[in-house]
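Student: Got a minute to go through this one with me? I'd like to start at the surface and then move on to the packing.

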Amino acid sequence: MAKIIITKDNLLSPAEFKAVLEQTSARSSTLEDVLGLLRELVAFEDEYNLATDVCYARFMRGEMGDQLPFIMWAGQYESYLEAKQEIANQLSALPVAA
């Protein structure tokens, strides 16, 4: 997920801010992030014949070892959960039509 952090030390002009915002939006959206992460998670599940949530629970208990694919899988799952939560937060902030 792309983030723009602006502080008093890096203030942008309105035109610069708009350009950065457009570049960031063009590169990524939360929904696209979730879909990309899901594709990667499904690939891991297919390769190891194991559900992601099961693998993650076992990984967190130290049962999967420290092989790079499992570390990456766990990281992708955490990113997926964060992106999914971000979507839920955005949806809950929308006004409800009466």
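**Surface patch and helix packing**

Tutor: Sure. This is a predicted model. On its surface, Leu12, Phe17 and Leu21 make up a nonpolar patch, and together they have about 230 Å² of accessible area.

Student: Where does phenylalanine 17 sit?

Tutor: Phenylalanine 17 lies in helix H1, which covers residues 14-27.

Student: And why is phenylalanine 17 called partly exposed?

Tutor: Because its relative accessible area is 34%, and partly exposed covers what falls between under 20% for buried and over 50% for exposed.

Student: OK, zooming out. How much surface does the protein expose?

Tutor: About 7300 Å², with carbon and sulfur atoms supplying 58% of it. As for the inside, buried residues account for 21% of the 98 residues.

Student: What's the secondary structure?

Tutor: Four helices and zero strands, so along the sequence you read α-α-α-α.

Student: Now the packing. At what angle do H3 and H4 pack?

Tutor: Helix H3 (residues 52-60) and helix H4 (residues 68-92) pack at about 115°, and their axes are 10 Å apart.

Student: Which residues make that contact?

Tutor: From H3, they are Thr52, Asp53, Cys55, Tyr56, Phe59 and Met60. H4 brings Phe70, Ile71, Trp73, Ala74, Tyr77 and Glu78.

Student: Is the crossing of H3 and H4 left-handed or right-handed?

Tutor: Left-handed.

Student: Last one: what share of the contacts between residues at least 6 apart in sequence join residues at least 24 apart?

Tutor: In this protein, 52% of them do.

Conventions: Residues numbered from 1 in each chain as written. Predicted model: local features only at pLDDT ≥ 70, side-chain atom pairs only at ≥ 80, totals over all residues. Heavy atoms only, no water. Helix = DSSP H or I, 4+ residues; strand = E, 2+ residues; numbered from the N terminus. Buried < 20%, exposed > 50% of the residue type's maximum accessible area, 1.4 Å probe, protein only. Contact = heavy atoms within 4.5 Å. Areas by Shrake-Rupley, 256 points an atom, 1.4 Å probe, with all protein chains shown as cover. Patch = residues over 30% accessible without salt bridge, like charges linked within 9 Å, V, L, I, M, F, W, Y side chains within 5 Å. Salt bridge = Lys/Arg side-chain N within 4 Å of Asp/Glu carboxyl O. Axes fitted to C-alpha atoms, helices over the stretch in contact; angles between N-to-C directions. Left-handed = near helix turned anticlockwise from the far one by under 90°.
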